[in-house]
Amino acid sequence: MDISKLNGYYEQIAEQTITERRFKYNDFCQVIGKHFEKKILNFLPEEFSFEKRKIFPIMFGEGKRKVLIFTQMHGNEPTSTLALLDFLNFLEQTQEYQKLVNKELTLIIIPLLNPDGLEKFDRRNAQGIDINRDAKTLISPEARILDKFSKQYNFEFALNIHDMELYYTSKPENLQTSLAMLAPECNENGDITPSREKSMKVISEVFLSLESLAKNRIAKYSDKFTAEAFGDTLMERGTSSILLEAGSIFNDKERLFARKVVFLSIVKAVESIATESFKNVSKQIYFQLPENIRYNAFDLIIKNLTVKSKYENYTIDLGIRRIKPTFNPEDFTDDFQDYRILNIGKLDKFGAINSFDASNYILKGDYSEIFIGRKADFEISSTQKNEIINIKSYGKHRPHRRNNGRTTPTFD
Ligand SMILES: [Zn+2]
């Protein structure tokens, strides 16, 4: 499968009825109903979440080698499910690919493992359990479903798909990461067992096929062995598990770019597994993937702003990021609007969703008003024209022009 070609006609494949991350369970059921009608995919008996919402395990293929694909065990990570719905369309529509998968593999696909979490846009299930820390304790019915399938089918591979925070960046350019991948560790020593090596090779092949499309925006997700997590548990059981994490770039609030990248990754990974082409790829590529660096981007970096004071004048960058309105560290709904100054200095090592070159601007007001944690509601004035920019308006994510000579930059 030529991934760059597929990228060219992705729009024709993508599930058109859901374009927003905050879709509802009902929207999802409608799409599932459509696939059910087509009768190409084989729907297994429904499973149930804690609050008795239906979960729809799907089977496809008659091959000996078994592959599990599951999404959204964290309810507020919907890009994974949307990419998987795109994949279902692709699988139904692409004859040659379908034939290959059908012959070589048996896919078990579980989209939206945590429908109760989706309804509240919450990471956890209705009991407040993090399903990805419940692989051994099995308190949640959702974890028991995964556990049951894992034991029943003895999967060779598993794709475990999530969303991540939007402030991750990858080297060398500190751009926001759109896709991070990981071959989870299977013990405390981080040994490279044969099954982990296979995951690394598939990831390497996915990386090579996407490199030019998502240039400098693909990274290796950093994680230590977590015995209670599913990826690690599957790996312990000898399943080559692969973690995919969808990110966000620029102001792509609906993460449509990441959705496409994850969709293409699924297509490539499944093909690589079916043809076993991963065997010819060096795992060194995996080790050379850039690291995924957390909280390394700001919503806005104001660069080269001059500050005048009675002591001395100086030039700084200001890093502005939104802070969460709740105390829930797991809440990453991406649409909160409380912008604060969170760094001051030379900020070259950080990524910026938006940046503004303030080389020809000076801070309006005293240097002592610029401090960490302060609301981004200060003004800067141009040294070249009669213009004052109010950074406060940035928080509305919309350019806002006034008539009295004051303008706000179009950071969108
Ligand atoms: Zn997650």
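Is H162 buried or exposed? In this predicted model, H162 is buried, because 21 other C-beta atoms lie within 10 Å and the threshold for burial is 20 or more. The residue belongs to strand β7, which spans residues 157–163. Leaving aside residues up to four places away in sequence, the contacts of H162 are H74, E77, S80, L243 and E245. By contrast with these contacts, the C-alpha atom of D338, 176 residues apart from H162 along the chain, is separated from that of H162 by 26 Å.

One of the contacts of H162, S80, is also among the buried residues of helix α4. This helix comprises residues 79–93, and its 15 residues reach 21 Å from the first C-alpha to the last, close to the 21 Å expected at 1.5 Å a residue. Helix α4 is mostly covered, with 12 of its 15 residues buried. The buried set consists of T79, S80, T81, L82, A83, L84, L85, D86, F87, L88, F90 and L91.

Two packed helices are described by the angle between their axes and the distance between the axes. For α4 and helix α10 (residues 256–275), the angle is about 50° and the axes are 8 Å apart; the two helices are therefore oblique to each other. The crossing of α4 past α10 is right-handed. On the α4 side, the contact involves T79, S80, L82, A83, L84, D86, F87 and F90, which meet A258, R259, V262, F263, I266 and V267 of α10. By residue class, the contact of α4 with α10 is made up of 10 nonpolar, 2 polar and 2 charged residues. S80 thus appears both in this helix contact and among the residues touched by H162.

Key. Residues are numbered from 1 along each chain as its sequence is written. This is a predicted model: local features need pLDDT of at least 70, side-chain atom pairs count only at pLDDT 80 or more; totals for chains, interfaces and linings use all residues. Helices (H or I, at least four residues) and strands (E, at least two) are DSSP runs, numbered from the N terminus. The expected span of a helix is 1.5 Å times one less than its number of residues. Axes are lines fitted to C-alpha atoms, for helices over the stretch in contact, and angles run from 0 to 180 degrees between N-to-C directions. Angles under 35 degrees count as roughly parallel, over 145 as roughly antiparallel, 65 to 115 as roughly perpendicular and the rest as oblique. A crossing is left-handed if the near helix is turned anticlockwise from the far one by less than a right angle, and right-handed if clockwise. Two residues are in contact if their C-beta atoms, placed from the backbone, lie within 7 Å. Ala, Val, Leu, Ile, Met, Phe, Trp, Tyr, Cys and Pro count as nonpolar, Asp, Glu, Lys and Arg as charged, and the others, Gly among them, as polar.
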